[in-house]
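Q: I'd like to learn how to read a protein model, one feature at a time. Could we go through this one together?

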Amino acid sequence: MRANKSKNTKPELIFRNILCASGIRGYQLNKNNLPGKPDIVFSKAKLAIFINGCFWHRCPYCKLTLPKSNQGFWEEKFRKNKIRDKEKQEGLEKLGWKVFVVWECWIKSFVNDLIRL
């Protein structure tokens with residue numbers, strides 16, 4: 001798990017390319033002075049965006065199954081991930097920030113739709 005990146009993941013890069021292609025600029029990356037170090041931050045609008053991987057953050061849309069081996073470990077790991085995600089979001093909201101979560105599957109779906117055009 002140590003090899004899993006926390007910054008500049010493929011979904012983040014794709015999302016940032018979409019923002020750039022749309023002419024949306026002026027954001028900052030991984031602001032470490034905010035709870036949870038959001039992936040993308042629009043400071044003036046107080047908007048924090050998290051790009052969540054479906055596997056690690058247990059996407060509510062994908063209905064992923066648990067890995068077959070060591071299920072107790074994975075259940076606990078994913079449970080803690082979800083709690084941590086909620087705490088990050090609540091921490092930002094208490095500071096007056098709007099929080100938006102973008103799921104990896106949304107980005108993949110968007111890119112696939114573009115390819116079909």
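A: Sure, let's start with one pair: I40 stands opposite I49 in β3. Before going on, note that this is a predicted model, where local features need pLDDT of at least 70, side-chain atom pairs count only at pLDDT 80 or more, and totals for chains, interfaces and linings use all residues. Residues are numbered from 1 along each chain as its sequence is written, and side-chain values use heavy atoms, with hydrogens and water left out.

Q: What does I49 touch, leaving out residues up to four places away in sequence?
A: A contact means heavy atoms within 4.5 Å. By that rule I49 touches F15, P38, D39, I40, F42, F100 and V102. Its C-alpha is also 9.7 Å from that of N30, a residue 19 places away in sequence.

Q: Is I49 buried or exposed?
A: Buried means under 20% relative accessible area, exposed over 50%, and partly exposed in between (1.4 Å probe, protein chains only). I49 has 5% relative accessibility, so it counts as buried. Its strand follows suit: five of the six residues of β3 are buried, so β3 is largely enclosed by the rest of the structure. Over the protein, buried residues make up 30% of the 117 residues.

Q: Which helices and strands does the protein have, and in what order do they run?
A: Helices (H or I, at least four residues) and strands (E, at least two) are DSSP runs, numbered from the N terminus. This protein has four helices and four strands. Starting at the N terminus, they run α-β-β-β-α-α-β-α.

Q: How do I read the sheet, and what is the order of its strands?
A: Look for pairs: two strands pair if DSSP finds at least two bridges between them. Here four strands make an open sheet in the order β1-β2-β3-β4, with mixed pairing. At the edges sit β1 (28-29) and β4 (98-103), each pairing on one side only. Helix α4 (residues 104-116) packs on this sheet and touches β3 (47-52) and β4. The direction of α4 makes about 60° with that of β4; axes are lines fitted to C-alpha atoms, for helices over the stretch in contact, and angles run from 0 to 180 degrees between N-to-C directions.

Q: Which strands run parallel and which antiparallel?
A: Go through the neighbours one by one. β1 and β2 (residues 40-42) run antiparallel and are joined by two bridges, with Q28 opposite V41 in β2. β2 and β3 also pair in the antiparallel sense, over three bridges. β3 and β4, on the other hand, run parallel and are joined by six bridges; there N52 stands opposite W103 in β4.

Q: What links β2 and β3?
A: The two strands form a hairpin with four residues between them. K46 lies in that loop, and its phi is positive, about 50°, although K46 is not a glycine.

Q: Why look twice at a positive phi?
A: Because most residues other than glycine have a negative phi. N8 is another case here, with a positive phi of about 55° although it is not a glycine. N8 lies in the segment before α1 (10-21).

Q: Are K46 and N8 buried, exposed or partly exposed?
A: K46 has 34% relative accessibility and so counts as partly exposed. N8, at 33%, counts as partly exposed too.

Q: Where would I find an exposed residue, such as R25?
A: R25 is exposed, with a relative accessible area of 53%, and lies in the loop between α1 and β1. Leaving aside neighbours within four places in sequence, R25 is in contact with C20 and F42. The C-alpha atoms of R25 and F42 are separated by 9.0 Å, and the two residues are 17 apart along the chain. K86 is exposed as well, with a relative accessible area of 53%, and lies in helix α3 (residues 71-94).

Q: What about contacts across the whole chain?
A: Take the contacts between residues at least 6 apart in sequence: 53% of them join residues at least 24 apart.

Q: And what are the overall dimensions?
A: The C-alpha trace spans about 45 × 40 × 25 Å along its principal axes.
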